[in-house]
Amino acid sequence: MRKILLSSIIITIGITFLSRLSYLQIFSFSPDQVLEDPSIKRVYSYPERGYIYDRNGKLLVGNDPAYDVMVIPREVQPLDTLEFCTLLGIEKEKFIEKLRKAKVYSPRLPSVLVPQLSKTDYARLQEKMRKYKGFYIQKRSLRYYDTKSAANVLGYISEVNEGDLAKNKYYVQGELKGRTGVERYYEDLLRGRKGVKYIQKDRFNRDIGPYKNGSLDTLPEPGKQISITLDKTLQEYGERLMVGKRGGIVAIEPKTGEILTMISGPTYDPSLLVGRQRSKNYTALYNDTIANPTWDRSIHAQQPPGSPFKTLNALVALQEGVIDENTTIRCYNGFYVGKTKRGCHCGGGLRKLNDGIYKSCNAYFAGAFRKIFEKFDTTDEGMDVWEKHIKSFGLGDYLGYDLPFGQKGRIPNKEYYDKWYGDNRWSSSFIISNSIGQGEILATPVQLANMTAAIANRGYYYTPHILKKVEGKDITNPKYTEPKHTTIDPKYFEPVIEGMANVYTKGTARWLQIPGIEIAGKTGTAENFTRINGVRTQLTDHSVFVAFAPVEDPKIAIAVYIENGYFGSRYAGHIASLMIEKYLKGEITRTDLEKRMLEKTLEDEYAKPYSGKEFKINERVW
Amino acid sequence: MFGKILKRIDWLTIFIYLSLVTIGWVSIYSTTFTEENASIFDFGTLHGKQLFFIITSLISIFIVLGLEANFYERFASLFYLISIALLLGLFAFGKTIAGATSWYSLGFFNLQPSELAKVTTALALAKYLSDIQTDLRRRKDQLYALLIILLPAILIIPQPDPGSALVFFALVFVIFREGLPLFYLGIGFSLILIFIITLMFGTTWLIIGLALLIALFYLLKRKSFKLPVIPLVLGVIAIILFSLSVDFVFNNVFEQRHRDRFSLWLRLEKDPDKLEEIRKTIGYNTYQSEKAIESGGFFGKGFLEGTRTKGNFVPEQHTDYIFSSVGEEWGFIGTATVVFLFSILFLRLIYLAERQKNAFSRMYGYGVISILLIHYFINIGMVIGVLPTIGIPLPFFSYGGSGLLFFTVLLFIFLKLDTNRLKESF
């Protein structure tokens with residue numbers, strides 16, 4: 001007993017030690033520990049963020065050096081405070097307060113004393129900096145915008161937050177990251193990769209040399225220069241036209257799916273979100289909940305498309321063989337749904353496809369829509385076929401463009417109506433408004449532009465996209481370079497396009513013809529409602545226009561959506577016409593038209609719902 | 001004469017001894033290494049000095065082995081008295097290093113007599129116990145034996161060096177091996193257990209636990225067995241009183257730093273803010289040493305690659321916390337190897353002690369084991385965070401001349417005695 005006592009104690013101690021050691025070294029051990037090791041400091045060197053150019057190589061976004069005056073409180077020596085403050089251009093009290101705060105943060109680590117000096121201040125200060133021990137100037141780079149436009153597409157960058165840090169191990173506190181737009185979607189390309197040096201420290205935080213002789217260190221990888229598909233001139237011109245109006249303009253090059261312009265009105269100058277005034281400006285923009293300048297209407301605003309949608313219904317009816325070019329439908333200055341009459345502005349009479357389109361006859365398309373459903377035994381079948389055709393134009397779902405946000409729009413299906421009316425308790429007359437692009441259909445401007453591009457291409461489209469080149473090389477992502485085919489046979493497009501061309505020659509947009517260019521288009525006037533004090537109130541119709549040109553060799557497809565602009569030919573039609581001329585000719589020949597668009601604003605219209613007074617809608621102003 | 005010794009000496013022990021000294025020196029080299037002092041033989045550096053101490057120790061081995069075996073038994077009492085005198089002399093001539101007056105300054109070398117006393121006390125105790133006239137059944141003889149152990153400890157406490165003083169109590173094991181009733185050992189362990197339980201759960205829970213234990217015992221006891229009521233009641237009262245006094249002593253006699261050490265060890269502090277505070281102050285060493293060991297992982301970071309070692313994050317790493325450098329640079333493989341080497345050394349020494357025909361040799365052997373074992377247990381336990389902080393070195397590892405020299409002498413006197421194991425008396 002006494003003999004084995006000591007042996008068993010020794011073995012017990014050995015087992016205890018080994019279990020504790022395996023707990024520490026095997027179970028608690030994490031391979032990431034280089035990152036947590038207090039004895040290893042990481043020093044980063046940041047590459048310059050990539051520049052952004054437009055489709056023609058014009059600079060949109062670059063970088064500008066900024067100079068921060070830094071302070072290490074422990075190293076500060078007595079100085080002529082007054083002189084230094086004059087140099088820095090701040091008050092003495094503020095200087096003392098900032099110095100105090102820096103000391104509270106850390107006496108040993110650098111803090112920013114005065115951020116973002118201008119270049120001239122920097123030049124003046126630089127020579128005298130030697131005199132002031134403990135202060136130094138740190139250069140960093142800020143985004144510089146060579147345009148006042150496209151803020152919604154370009155997006156902005158800001159400091160990473162807790163969420164980013166948790167999601168992505170790459171970032172550390174204080175780094176910048178793309179927040180919206182291209183800056184966010186192509187963050188990885190633009191950012192490059194920071195270089196890192198590992199430095200071995202001792203417990204007094206002193207550097208004692210490189211860790212592992214620098215074998216883990218990496219060099220920074222510069223950000224990529226990218227070109228985006230926007231046409232800077234056209235984008236800037238469009239934004240000028242949008243002043244005082246709300247809505248979206250999206251233009252696409254049908255042959256490639258490249259987005260030529262993507263405008264949201266009202267917008268803001270992207271430079272507002274850079275520099276010393278950033279947070280003040282951001283708050284102001286963010287708090288404007290009425291005009292909502294930070295909300296990109298071109299990809300977010302889901303509105304009823306109105307009459308442009310009639311072209312799709314015509315295509316579906318042709319594809320299903322329920323009409324042909326010579327099918328006639330009578331318009332009684334409207335049409336009947338049961339015993340209720342729905343109106344039409346076309347003038348009435350016997351309509352064929354061609355004048356149905358250019359006169360935008362509601363009765364014709366209601367009839368064609370009914371015929372689609374009459375082909376099938378059940379409404380469900382008809383609905384499925386219709387939905388399949390419509391969705392093949394990229395409506396009712398995310399398009400897949402390379403911007404971080406967006407909305408799906410809505411193409412209703414049978415489940416949707418079953419929910420509303422009950423299973424099999426609805427028919428085509430219940431949903432007849434869909435025939436003229438009202439009803440339950442919603443689409444964003446970019447979806448309308450894409451739909452127009454598909455018509456212009458006679459049956460296919462490329463997924464709209466914003467990235468054109470990376471470091472001078474064209475993108476090869478098959479998602480954007482392979483066509484998506486619609487379910488409509490190419491031959492059915494010709495009669496519809498002819499009708500759309502006639503919109504310009506003898507239809508609803510005959511005053512908007514551009515001399516020398518053949519355009520095809522379609523006006524739209526969309527009813528819309530809001531709630532004022534809980535009462536559903538109709539507002540002035542939205543003005544919608546889609547068009548492409550030239551008809552035989554389309555170079556631009558455009559959708560313009562102007563909120564409360566009334567007739568499609570009015571604001572939207574004008575703007576579309578000017579945009580097409582600007583893009584194809586490079587100049588505007590119809591200066592009176594241009595002048596009118598630049599001067600007219602809809603601010604009065606937008607003020608109506610907030611005025612608290614009775615107001616009229618759809619006023620004939622001009 | 002050396003031919004005979006070489007034939008009989010226990011080579012396994014020597015092999016382990018040399019392995020430990022080598023690993024120890026490599027670890028010291030790591031902790032003191034910088035790009036500027038990479039040379040091994042630079043005696044201005046700590047690793048250079050330690051190399052000198054190792055050479056000195058190796059020379060001392062030859063002296064120890066060269067002397068007659070009966071020399072140690074014969075002069076045991078004299079050595080003991082000399083070391084007691086040296087300990088006393090510290091009060092007058094001692095040199096103070098790091099707050100403790102534990103050294104004599106000999107110019108090139110600081111002698112720490114408490115290290116010497118460990119050897120001489122082991123010898124003296126063995127001699128007293130092996131005396132034919134000593135009978136451990138007698139109270140008086142028990143007391144004498146205890147006194148031999150306690151005297152140096154009492155002299156060392158006021159240096160202050162409570163860690164070294166504690167080491168001497170390990171020699172009690174020798175007395176147990178030779179026949180002190182295990183009853184005493186039982187009481188000792190019970191007191192430690194009650195102390196810990198009181199701190200962790202409080203007196204109330206201790207009483208409840210005790211009541212349950214007695215009830216269980218009463219239910220399971222054989223019918224014929226008569227419960228000794230009076231001793232039992234007295235025992236319970238004694239336990240409760242002790243437990244209450246623990247509470248009192250802990251809260252009123254202990255200083256805050258002592259309390260913090262215990263609350264850190266027994267994980268009593270649950271408030272994360274206070275825990276953070278303790279980690280930065282009293283628990284700093286333990287925290288850093290645990291982190292260094294943990295960061296080594298299974299395979300370690302490699303020789304001279306220990307970042308926390310290089311950055312001097314673990315205080316006293318070349319002395320008491322040397323094991324953490326093994327943990328960081330050589331990983332679990334390294335630490336497990338060291339634990340194995342020590343365990344085998346101890347088991348081997350027990351085997352050697354048990355095969356001695358001569359009572360003095362056997363008892364001295366147990367003295368050697370007890371002293372080395374308590375150092376190993378407390379030191380590594382402290383470094384890996386299973387025991388509270390008590391500053392004593394790891395034998396054969398930690399930096400320090402006196403320590404290495406006298407641990408070597410301690411061990412090799414026994415090996416010398418072992419070569420003479422066949423003779424019943426010298």
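How many C-beta neighbours does Glu316(B) have inside 10 Å? In this predicted model, the count for Glu316(B) is 17, so the residue ranks as partly exposed. Glu316(B) is not a glycine, yet its phi is positive, at about 55°. The residue sits in the loop between helix 16 and helix 17 of chain B.

Both of these helices also take part in the contact between the chains. Here, 34 residues of chain B are in contact with 30 residues of chain A. Helix 9 (172-177), helix 15 (284-296), helix 16 (307-310), helix 17 (322-354) and helix 18 (359-383) of chain B each contribute at least two residues to this side. Helix 17 of chain B gives the largest share, 11 residues. By class, the chain B side comprises 17 nonpolar, 10 polar and seven charged residues.

Within chain B, helix 5 (residues 76-93) packs against helix 6 (residues 113-130): their axes come within 8 Å and cross at roughly 145°. The crossing is left-handed. Residues in contact include Phe79(B), Tyr80(B) and Leu87(B) from helix 5, and Leu116(B), Ala117(B) and Lys127(B) from helix 6. This contact has 11 nonpolar, five polar and one charged residues.

Chain A has backbone features of its own. Asn333(A), not a glycine, has a positive phi of about 50°. It lies in the loop between strand 13 (329-331) and strand 14 (334-337). With 14 C-beta neighbours inside 10 Å, Asn333(A) is partly exposed. The peptide bond from Gly265(A) to Pro266(A) is cis, with omega near -5°. Pro266(A) belongs to the loop between strand 12 (258-265) and helix 11 (278-287). Ala549(A) and Pro550(A) are also joined by a cis peptide bond, with omega about -15°. Pro550(A) falls in the loop between strand 22 (535-549) and strand 23 (556-562).

Terms used
Residues are numbered from 1 along each chain as its sequence is written. Chains are lettered from A and ligands numbered from 1 in the order in which they are written. This is a predicted model: local features need pLDDT of at least 70, side-chain atom pairs count only at pLDDT 80 or more; totals for chains, interfaces and linings use all residues. Axes are lines fitted to C-alpha atoms, for helices over the stretch in contact, and angles run from 0 to 180 degrees between N-to-C directions. Helices (H or I, at least four residues) and strands (E, at least two) are DSSP runs, numbered from the N terminus. A crossing is left-handed if the near helix is turned anticlockwise from the far one by less than a right angle, and right-handed if clockwise. Two residues are in contact if their C-beta atoms, placed from the backbone, lie within 7 Å. Ala, Val, Leu, Ile, Met, Phe, Trp, Tyr, Cys and Pro count as nonpolar, Asp, Glu, Lys and Arg as charged, and the others, Gly among them, as polar. A residue is buried if 20 or more other C-beta atoms lie within 10 Å of its own, exposed if 12 or fewer, and partly exposed in between; C-beta atoms are placed from the backbone.
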